[in-house]
Amino acid sequence: MTETATGTDWQSWQQSWDRQQEWYMPDREERFRVMLDMVEAVVGPEPRVLDLACGTGSITDRLLTRFPRASSTGVDLDPALLAIARGTFDGDDRVTFVTADLKDPAWPGKLPHTSYDAVLTATALHWLHSEPLAALYGQLGQLVREGGVFMNADHMIDTDTPRINAAERAQRHAAMDRARADGALDWAQWWALAAKDPVLAAPTAERFRIYGEHADGDMPSPRWHAHTLREAGFGEARTVWSSPSDSLVLAVK
């Protein structure tokens, strides 16, 4: 069931969010597949997962479809995306959602567990600048159990390759322009629809009060992420998947 007492079709909102995200990342599902491959490879098919900056629960959805005996704690601050997540997974006792600000040093205290087999996140931590992101990685070094994993899939820029970066960006944006001409919704258009929805209008307004219009964080290179994770207490860290624009960094405790 994806509808609640509000009568909102949460599954439609989930699908709409996925399509909007795929406009920016056409290989998004491949990232998720590799992420879950590595979860299974390192910690097995019944993991306790922290879905970090979970949004609508995209990772949790794919996690539970692939691993029905898994459990997930989703944590985010965005009231609109959390409304969609909570509506979608209403009644599923494998899933818990927590409202918390990852920049608040006390946020781990709101979690239902003190350790996790896997902490997973995608297309979210670029909202943080490097200093608070490094501090967050330090906290994750305490939350992931020994032998557990952390994975971050995001846009990570290698400043040593400016010509490659420029060519990739031009190619990607040309493809996005073609998709927009065919009716794809961008970020602003999707949020405009949410702002008009009777159930999502108020949490959407609150969301923009909290975050503003766009991320103002940093997008350091995969090498920076791997190095910072090792400094945070992870024994190993490296890129396990990449596209021309995105990378998936895995760290093992």
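**Close-up 1. Glu 168 and its partner on helix α6.** In this predicted model, Glu 168 is tucked away: its relative accessible area is 13%, so Glu 168 counts as buried. Its salt-bridge partner is Arg 172, and the closest N and O atoms of the two sit 2.5 Å apart. Both residues belong to helix α6, which runs over residues 162-181. They are four residues apart, or about one turn of the helix. Pairs like this one are no surprise, because side chains of opposite charge can pair when their charged atoms come close.

**Close-up 2. Arg 62 and Asp 18, a salt bridge between two helices.** Here Arg 62 meets Asp 18 in a salt bridge, with 3.1 Å between the closest N and O atoms. Arg 62 comes from helix α3 and Asp 18 from helix α1, so this pair ties together parts that are 44 residues apart in sequence. Both partners, Arg 62 and Asp 18, are buried. The structure as a whole holds 20 salt bridges.

**Close-up 3. Helix α2 and what it packs against.** Helix α2 covers residues 28-43, 16 residues in total. At 1.5 Å a residue it should span 22 Å, and its end C-alpha atoms are 23 Å apart, which agrees. Which residues of α2 are buried? The list mixes charged and other side chains: Arg 28, Arg 31, Phe 32, Val 34, Met 35, Leu 36, Val 39 and Val 43. On the helical side, these buried residues pack against α1 (10-24) and α3 (58-66). Strands join in too, namely β4 (116-122), β5 (144-154), β6 (236-242) and β7 (247-252). Just after the helix comes Gly 44, with a positive phi of about 95 degrees.

**Close-up 4. Asp 92, Asp 93 and Arg 94, three neighbours in three settings.** Is Asp 93 buried or exposed? Its relative accessibility is 74%, so Asp 93 counts as exposed. This residue sits in the loop between α4 (79-88) and β3 (95-99). Look for Ser 71 in the same view: Asp 93 and Ser 71 are 22 residues apart in sequence, and their C-alpha atoms are 8.4 Å apart in space. On either side of Asp 93, the side chains of Asp 92 and Arg 94 meet in a salt bridge, at 2.8 Å from N to O. Asp 92 has a relative accessibility of 18%, so it counts as buried, whereas Arg 94, at 27%, counts as partly exposed.

Notes: Residues are numbered from 1 along each chain as its sequence is written. This is a predicted model: local features need pLDDT of at least 70, side-chain atom pairs count only at pLDDT 80 or more; totals for chains, interfaces and linings use all residues. Side-chain values use heavy atoms; hydrogens and water are left out. The expected span of a helix is 1.5 Å times one less than its number of residues. Buried means under 20% relative accessible area, exposed over 50%, partly exposed in between (1.4 Å probe, protein chains only). Contact means heavy atoms within 4.5 Å. A salt bridge is a side-chain nitrogen of Lys or Arg within 4 Å of a carboxyl oxygen of Asp or Glu.
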